[in-house]
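Student: I'm new to this one, so please pick a single part and go through it slowly. I'd like a close look at salt bridges.

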Amino acid sequence: MVTHGADSIQRIASLGLLVTVLAIFWILQKCFRGPLAAIPGPWYSRFTDIVLKYYIFTGRRIHYIHQLHQKYGSVVRVSPNEVEVSDLAAYREVHRIGSGFVKAPWYDTFTPGMESNVFSMTNVHEHAARRRLLARPFRRSSLLTHFQRLVTERTRFAVAKIVQEANQGDCDVMKWWTLMTTDIIMEVAFGEKAGLLEAGEKNNYMKDLERTELSFSLQGETPWLYRFLKVVNPGAYRGIDQSLVNVIAKATESARKAKEGKLSPHNILSGMIEASRLEGTVVNDFGLGSQASALVIAGSGTTSATLTYATWVLLKHPAVRQKLEDELIRLPDDFDDVKLEGLPYLTTFVTEVLRVYGSAPGALPRTTPSHGIQIGDYRIPPGVTLTTQAYTMHRDPSIFENPETYVKLLILLHCLNSLAKNFRFDPDRFYKRDLTTDQKHAFTPFGGGTRVCLGIHLAYMEIRHGTAEFVRNCRHLKLSRLTTPESMEMENFFLIAPKGHRLMVESSVKTES
Ligand code: HEM
């Protein structure tokens, strides 16, 4: 009897050992003989994405990937099924219209369990149909006709607030740019005034949106961590769930108003309703509302982050500021965006700002199509996630001469890496010069191909107007002592933002107390 029991245990143990050996063999085989085995990269990327996730959660993904490219070259394996590419030809192919690369399943996580929107849709046909509904209001001609006045009025008001606050002490420019860009996109999307600049602070809708965004990112990147935290701290999650309910309620209500004709005529919701009527299709209130909310997310923090860095660099570089002043001060007071678009130094300034501080410079993951892709010596099979980042393309010295001007010299002289990082900015590189062919292909602050930013013309308009108004009206403002190179270092949670989450300025004119 005892012998029989011992035999059974021995058999189970042997079986367990066999299964373990086979599993180890399978893992090793997958790691060292799999189709991505030849792709260079850190050893752990063969087994796990945990290191990548660590950099994502600490807001350093772009920097980590950039470093990997410098160490391993233009094709780097960053996790068992993900490869990062910074080779220009491959970069073009990944974003080329009709190349067969589609947004990776990662985008589905932006709308967990909900109807997807134009940004998160991964299905090509579904996306094309949605983009058709949205295209018209975002065309430059339509923006000039319907929203130029709004952009002019809101940027002037934002700058007036900046001046007013700075004349009394420290002023956070980033706060005002954020309220301004949100006011603009809310009115563009929902056809109703948000009045955030008047209030001087975020409203509940904005806070609800931010909480919803955070929760979706966590669910997307690490669903297990999201579930764990939900069990550990159910109270906090009830608040987040309520935020989502509020966002949806507001959006659906606006969609209903748009259908009843109760909104101002030119807004995205009404535009979508009209376009779908002409096409003979129907989008329900929830679909309309969630699309408009997604546009508010896509069109607020993006433009305000870039404008914040634009303000910072112009305050840091007196020669650049002077050249902008020389050009902008001569404009008549009723200048419009067509005038601004024709100014050579403003144009070169904005291009360089977008090269160095475009606000979405990180991961744009795509799924490799059925024919795979050959990149130099490496064959990438179908189904692999191929990711690109403009951050690295914009700093490729073979494309942009001295992309990090003075960096090496300064590191050598001072060994001060953070100081050196601040010397990358050099608008003169583009002054009255066309971009070279390679630069045109690599310069992608707004993404590319069929998934290029829908709000590109609106973003340019806001950046030009914001810069122009600031330069013309804030000649007495300077950086406050609260703004340091460290506080302005970039953190990267899909978008970039200064680590300090603010840009403090003050008046250089001392007022009598
Ligand atoms: C400086 C400001 C902005 C930057 C740097 C920026 C950047 C980008 C980038 C890189 C993408 C591609 C994302 C991807 O492929 O995954 C994108 C897509 C998108 N952007 Fe922007 N964006 C800005 C402003 C705006 C504004 C003002 C709006 C207005 C609503 C907007 C709406 C969108 C939408 C809807 C998409 C998705 C397009 C699609 O997939 O068809 N963006 N943006």
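Tutor: A salt bridge here is a side-chain nitrogen of Lys or Arg within 4 Å of a carboxyl oxygen of Asp or Glu. Keep in mind that this is a predicted model, where local features need pLDDT of at least 70, side-chain atom pairs need 80 or more, and totals for chains, interfaces and linings use all residues. Residues are numbered from 1 along each chain as its sequence is written, and side-chain values use heavy atoms, without hydrogens or water.

Let's go pair by pair. D428 and K323 join their side chains in a salt bridge, with N and O 3.1 Å apart. D428 sits in the loop between α20 (417-421) and α21, while K323 belongs to helix α15 (residues 318-328), so this pair ties together parts 105 residues apart in sequence. (Helices, H or I runs of at least four residues, and strands, E runs of at least two, come from DSSP and are numbered from the N terminus.) How covered are the two partners? D428 is partly exposed, at 30% relative accessible area, and K323 is partly exposed too, at 36%. Those words have cut-offs: buried is under 20% relative accessible area, exposed is over 50%, and partly exposed is in between, using a 1.4 Å probe and protein chains only.

Next come D333 and R472, whose side chains form a salt bridge at 2.9 Å, N to O. Here D333 lies in the loop between α15 and α16 (337-341) and R472 in helix α22, so the pair ties together parts that are 139 residues apart in sequence. The partners sit in opposite settings: D333 counts as exposed because its relative accessibility is 60%, and R472 counts as buried because its value is 16%.

E210 and K202 make another pair, also with 2.9 Å from N to O. E210 is partly exposed at 34%, and K202 is partly exposed at 35%.

Some residues go beyond simple pairs: R140, D337, E341 and R464 are linked in a salt-bridge network. How many salt bridges does a search of the whole structure find? It finds 33.

One last link, back to R472's helix. In the ligand's surroundings, a polar side-chain atom of H127 is 2.6 Å from a ligand oxygen. The elements giving two or more residues to the shell around the ligand are α5 (124-138), α14 (285-316), β5 (364-367) and α22. So you meet helix α22 twice: it holds R472, and it also helps line the ligand's shell.

Methods. Polar contact = N/O pair within 3.5 Å; in protein donor to acceptor, adjacent residues only side chain to side chain.
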